[in-house]
Amino acid sequence: GVINRFQFVESSNSLGASNNFEQFIAGVAKPFTYGRSTLLLGGDFGRSLGDVPVHRSSAFGGFLNFSGYTQNSILASDWGIARANYYRRFNEVGSALLGLGFFVGGSLEYGTFTNQQSEVEDLTGVFAGSTFIGVDSPLVPIYIGFGAAEQGERSAYFAVGRLSGR
């Protein structure tokens with residue numbers, strides 16, 4: 001099925017807020033599975049109108065969330081991201097109850113991040129990506145990966161748990 005996300009936030013001085021602004025956030029992802037291979041295509045979009053404070057900006061960076069950049073190192077009040085994630089299960093060891101599934105994969109991400117605040121730098125039209133291997137344990141998946149972005153950013157990852165990709 002398709003994974004959809006939509007959020008609208010309104011902040012108004014007339015209701016006691018310290019800033020007047022509106023934020024629209026939307027995302028969509030669609031998995032395509034063929035045998036042991038899965039391709040997940042998706043994107044995220046966010047726009048802010050009004051006097052948005054820095055602390056209401058969204059954070060990006062980290063494994064499958066603009067790979068190559070460190071966790072939450074990109075702040076944006078407005079953004080657009082296109083993503084393609086691929087992984088392939090290549091082996092299973094053990095029983096169905098206590099088995100381990102192994103997989104390998106990668107991501108390609110393209111994004112533009114802009115800000116209403118002049119003190120936060122914009123990042124426009126940048127590609128990023130990652131490669132990873134993982135183990136689907138009976139409790140949680142475990143990932144080890146490497147990410148890079150065209151701005152020369154590089155990061156290594158060790159992640160535990162289900163990943164949303166945003």
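This short presentation covers the cores, salt bridges, last hairpin and surface patch of one protein structure.

The model is predicted, so local features are taken only where pLDDT is at least 70 and side-chain atom pairs only at pLDDT 80 or more, whereas totals for chains, interfaces and linings use all residues. Residues are numbered from 1 along each chain as its sequence is written, and side-chain values use heavy atoms, with hydrogens and water left out.

Let me begin with the interior. A nonpolar core here is a set of buried Ala, Val, Leu, Ile, Met, Phe, Trp, Tyr and Cys residues joined through side-chain atoms within 4.5 Å. Buried means under 20% relative accessible area, exposed means over 50%, and partly exposed lies in between, with a 1.4 Å probe and protein chains only. The largest nonpolar core has 13 residues, and those touching the most other members are Phe-60, Phe-66, Tyr-69, Ile-74, Trp-79, Phe-113 and Leu-123. Two or more residues each come from strand 5 (74-76), strand 6 (78-93) and strand 8 (123-136), and strand 8 gives the largest share, 3 residues. Strands are DSSP runs of E with at least two residues, numbered from the N terminus.

What does Ile-74 touch, beyond its neighbours within four places in sequence? Its contacts are Ser-58, Ala-59, Phe-60, Phe-66, Tyr-69, Phe-113 and Leu-123, where contact means heavy atoms within 4.5 Å. There is also a second, separate core of 7 residues, with Phe-63, Phe-103, Tyr-143 and Ala-159 among them.

Phe-66 deserves a further remark. This core residue lies in the loop between strand 4 (58-60) and strand 5, and its relative accessible area of 0% makes it buried. Its phi is positive, near 80°, in a residue other than glycine. Asn-72 lies in the loop between strand 4 and strand 5 as well and has a positive phi near 60°. Asn-72, however, is partly exposed, at 43% relative accessibility.

I turn now to charged pairs. Side chains of opposite charge can pair when their charged atoms come close. A salt bridge is counted when a side-chain nitrogen of Lys or Arg is within 4 Å of a carboxyl oxygen of Asp or Glu. How many salt bridges does a search of the whole structure find? The search finds 3.

Asp-44 and Arg-5 form one of them, with their closest N and O atoms 3.2 Å apart. This pair joins strand 3 (residues 37-50), which holds Asp-44, to strand 1 (residues 3-11), which holds Arg-5, across 39 residues. Asp-44 also meets Arg-83 in a salt bridge, at 2.2 Å from N to O. Here strand 3 is linked to strand 6, with the two residues 39 apart in the chain. Arg-5, Asp-44 and Arg-83 are thus linked in a network of salt bridges. Within this network, Asp-44 is buried at 7% relative accessible area, Arg-83 counts as buried at 8%, and Arg-5 is partly exposed at 31%.

Another salt bridge joins Arg-89 to Asp-136, the closest N and O atoms being 3.4 Å apart. Arg-89 is in strand 6 and Asp-136 in strand 8, 47 residues apart. Arg-89 is partly exposed at 21% relative accessibility, and Asp-136 is partly exposed at 22%.

Next comes the hairpin of strand 9 and strand 10. These strands pair in the antiparallel sense over 7 bridges; strands count as paired if DSSP finds at least two bridges between them. Gly-147 has Ser-155, in strand 10, as its bridge partner. There are 4 residues between the strands, and Gly-152 takes a positive phi near 90° in this hairpin. In strand 10 (residues 154-160), Ser-155, Tyr-157 and Ala-159 form a covered face, whereas Arg-154, Ala-156, Phe-158 and Val-160 form an uncovered one.

Phe-146 lies in strand 9 (residues 141-149) and counts as partly exposed at 42% relative accessibility. Beyond four places in sequence, Phe-146 touches Gly-129, Ser-130, Thr-131, Arg-154, Ser-155, Ala-156 and Tyr-157.

Finally, the surface. Phe-90, Val-104, Ile-133, Leu-139, Val-140, Ile-142, Ile-144, Phe-158 and Val-160 make a nonpolar patch of about 870 Å². Such a patch takes nonpolar side chains (Val, Leu, Ile, Met, Phe, Trp, Tyr) joined within 5 Å, from residues with over 30% relative accessible area and no salt bridge; accessible areas come from the Shrake-Rupley method with a 1.4 Å probe, and for residues only the protein chains shown count as cover. Strand 9 and strand 10 each supply at least two residues of the patch. Leu-139, in the loop between strand 8 and strand 9, is exposed at 77% relative accessible area.

Methods:
Patch = residues over 30% accessible without salt bridge, like charges linked within 9 Å, V, L, I, M, F, W, Y side chains within 5 Å.
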